[in-house]
Amino acid sequence: MTSISPSSHVAIAGAGLLGRLLAWRLLRGGRRVSLFDAGDLDTPPAAAWTAAGMVAPQCETAVSEASIYAMGTFALAQWPKWLAELDAEALWHAKGSLVVAHPQDMAALNQFRRDLEHALGEQANLQALDHAGLHHLEPDLAPGLRQGLYLENEAHLDNRELLVRLLAEIRGLGGQCHAHCPVETAPGEIVTPGGRQRFDWVIDCRGTGARPRQPGLRGVRGETLHVRTSEVHLSRPVRLMHPRYQLYVVPKPGHRFVIGATQIESEDRSPMSLQSSLELGSALFTLSPAFAEARILEQGVNLRPAFHDNLPRVTQQPGLISANGLFRHGYLLAPAVASHVLARLEGDTQLPFRSILDVRPLQEVSP
Ligand SMILES: Cc1cc2nc3c(=O)[nH]c(=O)nc-3n(C[C@H](O)[C@H](O)[C@H](O)COP(=O)(O)OP(=O)(O)OC[C@H]3O[C@@H](n4cnc5c(N)ncnc54)[C@H](O)[C@@H]3O)c2cc1C
């Protein structure tokens, strides 16, 4: 079989970000879909549930390849369209991002700016803010923060609400959802603990769960704190530059904030260390002392799926497509990667982002 037909039955392994997005798009296109996840679907073990939901192509370009910027720019245009189809426009916040540093750390902020300008050249769309400009945008930031950069064209998503909304749509459109069902994938087959099931197509979106099949795939540990306070109001993600780490704070509905910083080369999923917790908490306090009374709701630890070059890849055999390696850019890259996978299924000759995603021969391991 070369491409999908109207009656095709597609199995998707992994109901994280990519799995849900693809299931929803396929169901909307009239296809039958069965979605399998090893964990719970309401509070999934997916990296997508732990993530902060920033869609920040410029900020990420300072530390990534130019292709990330190209796919991220596509995401900025595509998410609002998909969210409108989901009747979920309110989950999208196109209010830009701020990058700040304390006066003693201005060298880190200046270096970030140079990296960005070097990477993006004339496309770098950043605005230097003085004290008044910074506090006009975010009045609750600590008065001691005197300068910042404003990246106006960035956005953030209420990502957990998006995942919940996608699942409801998938169910409403007749998708068969199987929770607590770890699977292996093979061309045209899903292998469950109960046996093998045949499908017209299988899409493997298991993130780090696909490691047995995809040599070279690794997990990169990330940690987050979720806090709640009505004492601080932020309208957009704020990144704090520091010589040793970069902290980010992302506002969420219900006076919640997600704080993260770490990118640790480890596949350890054990709870957050005391040191990480202290560093995140104290850096947050310096962003705004009013965070002192915030209540800690949750500590999140998860693994970002990444290949050696930290770039995503899509591979294909007859009856099986694998999409993985979104690393720290899931929400930034998912529209591009999902559009590429859907175009492959349709047998399109014009594959979006082909030169980035379709670059390596398949070297997968059979189950
Ligand atoms: C702390 C942190 C912060 C992040 N912040 C951002 C951010 O601000 N912006 C951004 O763009 N990205 C961010 N990311 C990255 C983003 O979360 C990931 O890139 C994205 O979730 C990858 O999507 P995915 O669908 O490939 O994998 P996942 O979202 O991890 O989903 C994989 C799914 O597969 C399931 N699975 C695994 N094994 C099996 C199996 N054998 N059978 C069935 N199901 C299986 C898992 O249970 C899971 O539900 C962050 C990640 C972390 C950890």
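These notebook entries record what I looked up about the ligand and the domains around it.

**Entry 1. Model and record.** I note at the outset that this is a predicted model. I consulted the UniProt annotation, an unreviewed entry, which lists "domain: FAD dependent oxidoreductase" over residues 10-341. For residues 10-341 I found 31% helix and 29% strand, with the end C-alpha atoms 13 Å apart.

**Entry 2. Domains.** I then looked up the domain assignment of the protein chain. Domain 1 comprises 1-93 + 156-213 + 309-367, and domain 2 comprises 97-152 + 218-306. I recorded a distance of 27 Å between the C-alpha centres of domain 1 and domain 2. At their interface, 29 residues of domain 1 are in contact with 38 residues of domain 2.

**Entry 3. Placement of the ligand.** I asked which domains give residues to the shell around the ligand. Domain 1 and domain 2 both do, so the ligand lies between them.

**Entry 4. The shell.** I found 35 residues surrounding the ligand, and Leu18, Asp37, Met54, Phe327 and Tyr331 are the closest. By character, the shell residues divide into 21 nonpolar, 10 polar and four charged. I next examined which elements supply them. Helices H1 (17-28), H2 (47-50) and H9 (330-345), together with strands E14 (218-228) and E18 (295-306), each supply at least two residues of the shell. H9 gives the most, with three residues.

**Entry 5. Polar atoms at the ligand.** I listed three distances from ligand atoms to polar backbone atoms. An oxygen atom of the ligand is 2.7 Å from a polar backbone atom of Phe327, a residue I had already entered among the closest to the ligand. For Ala47, a polar backbone atom lies 2.9 Å from an oxygen atom of the ligand. For Ala38, the ligand atom is a nitrogen, 3.0 Å from a polar backbone atom. Finally I recorded the coverage: the ligand on its own has 1,000 Å² of accessible area, of which the protein covers 94%.

Key
Residues numbered from 1 in each chain as written. Predicted model: local features only at pLDDT ≥ 70, side-chain atom pairs only at ≥ 80, totals over all residues. Heavy atoms only, no water. Near = heavy atom within 4 Å. Polar contact = N/O pair within 3.5 Å; in protein donor to acceptor, adjacent residues only side chain to side chain. Areas by Shrake-Rupley, 256 points an atom, 1.4 Å probe, with all protein chains shown as cover. Helix = DSSP H or I, 4+ residues; strand = E, 2+ residues; numbered from the N terminus. Nonpolar A, V, L, I, M, F, W, Y, C, P; charged D, E, K, R; others polar. Domains from an automatic or database assignment. UniProt positions renumbered as here; feature names shortened; annotations may be inferred. Contact = heavy atoms within 4.5 Å.
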